[in-house]
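This report describes a protein chain for a reader who is new to structural analysis. Please keep the sequence and the structure in view while reading.

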Amino acid sequence: MKTVYIIDSNYPEDHYADRADGAVAQYILKALNIRADMRLALNREHFESAVHRALKAGCDVLHISCHGDDDGIGMTDDDPDIASRGGILWPDFVNLFQGRYDPPQALVMSACCGASSNLGRAFTRADKRPGMIIGSTDKRPHSDYVAAWALLYRRFRRKGIEKEQAQEVLEQICAAVHRNFRYLRWDEERERYLRYPGLDQRFEVVER
């Protein structure tokens, strides 16, 4: 792994209270000698531009830091009630990856419900998608994401973005931080995302 592109679109109060973790992720990556470019996206227009710029740059990992829920993510200038009053819903989010440039190898969603099954389903219906989506399945505090990404990027820096490495570091994150972190990994043969670790949900396929 050589390059991570960070997009931070947290709420104003998060920046004021020093809870926005985009800058923290950048510091972690630089400490690991990984190139980390970051853009602040204060609204939907700038967020869309930042995604386009990241894909054009051909980053290995796209790291998105914002708020989210099962339906989508919120922008800096959105109302905190994401689902009903703004934000980018998953189908629109997925559309941002359907241009001329290929998606990143991994999409790290530093947002509540960032590894939502709804996001996986939306990418499954699209032509282009990241090979792996990493995040939480519920609402987690800022400190959990900081701890999780320190473990994640250290492993990826040493071993690369591969299935076995991702499984090992997800086990560490679930043990040390919280059990509701997981990845969704695209399986070309089955044409669907496989998850790891499992959540005992029958409608999904668990990676072994």
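Helices (H or I, at least four residues) and strands (E, at least two) are DSSP runs, numbered from the N terminus. On this basis, leucine 96 belongs to the loop that connects α5 (90-95) with β7 (106-110). The model under discussion is a predicted one.

## Confidence

The average pLDDT of the chain is 91, and 91% of the residues score at least 70. Residues 200-204 have a pLDDT below 50, although this stretch has 10 contacts in the model beyond near neighbours in sequence. Where pLDDT is low, the predicted coordinates should not be read in detail.

## Strand β3 and its partners

How many of the 5 residues of strand β3 are buried? In β3 (residues 61-65), 5 of the 5 residues are buried, so this strand is largely enclosed by the rest of the structure. Val61, His63 and Ser65 point one way from β3, while Leu62 and Ile64 point the other way.

Strand β1 (residues 3-8) runs parallel to β3 and is joined to it by 5 bridges. Within this pairing, isoleucine 6 stands opposite histidine 63 of β3. Strands β3 and β7 also run parallel, with 5 bridges joining them. Here histidine 63 stands opposite valine 108 in β7. Histidine 63 thus has isoleucine 6 opposite it and also valine 108 opposite it.

## The open sheet

A further set of 3 strands forms an open sheet in the order β4-β5-β6, with antiparallel pairing. Its edge strands are β4 (67-69) and β6 (88-89), each of which pairs on one side only. Strand β5 (residues 72-74) pairs with β6 over 2 bridges in the antiparallel sense. Isoleucine 73 has isoleucine 88 in β6 as its bridge partner.

## Leucine 96

Is leucine 96 exposed, partly exposed or buried? The relative accessible area of leucine 96 is 21%, so this residue is partly exposed; buried would require a value under 20%. Apart from neighbours within four places in sequence, leucine 96 is in contact with Phe47, Glu48, Val51 and Leu55. The C-alpha atom of leucine 96 is separated by 11 Å from that of alanine 126, a residue 30 places away along the chain.

## Cysteines

A disulfide is a covalent bond between the sulfur atoms of two cysteines. The count of disulfides in this model is 0. Cysteine 59 is in no disulfide, and the nearest cysteine sulfur, which belongs to cysteine 66, is 15 Å away. Cysteine 66 is likewise in no disulfide; the nearest cysteine sulfur to it is that of cysteine 112, at 9.2 Å. For a disulfide, the two sulfur atoms must be within 2.5 Å. Cysteine 59 counts as buried, with a relative accessibility of 6%. Cysteine 66 also counts as buried, with a relative accessibility of 5%.

## Helix α7

Helix α7 (residues 142-159) has 18 residues and spans 26 Å from its first C-alpha to its last, close to the expected 26 Å at 1.5 Å a residue. Its buried residues are Asp144, Tyr145, Ala148, Trp149, Leu152, Tyr153, Arg155 and Phe156. Why can these buried residues be said to line one face of the helix? Seen down the axis of α7, they fall within an arc of 160°, so they line one face. Glycine 160, just after α7, takes a positive phi of about 90°.

## Backbone angles

Most residues other than glycine have a negative phi, and most peptide bonds are trans. Two residues other than glycine with a positive phi are listed below.

| Residue | Phi | Loop | Relative accessibility |
|---|---|---|---|
| Aspartate 18 | near 60° | between α1 (12-16) and α2 (22-31) | 65%, exposed |
| Glutamate 191 | near 55° | between β9 (181-187) and β10 | 58%, exposed |

Is the peptide bond from tyrosine 196 to proline 197 cis or trans? This bond is cis, with omega near -10°. Proline 197 is found in the loop between β10 (192-196) and β11 (205-206).

Note on methods. Residues numbered from 1 in each chain as written. Predicted model: local features only at pLDDT ≥ 70, side-chain atom pairs only at ≥ 80, totals over all residues. Heavy atoms only, no water. Pairing = 2+ DSSP bridges. Buried < 20%, exposed > 50% of the residue type's maximum accessible area, 1.4 Å probe, protein only. Contact = heavy atoms within 4.5 Å. Expected span 1.5 Å × (residues − 1). Arc of directions from axis to C-beta. pLDDT = per-residue confidence, 0-100.
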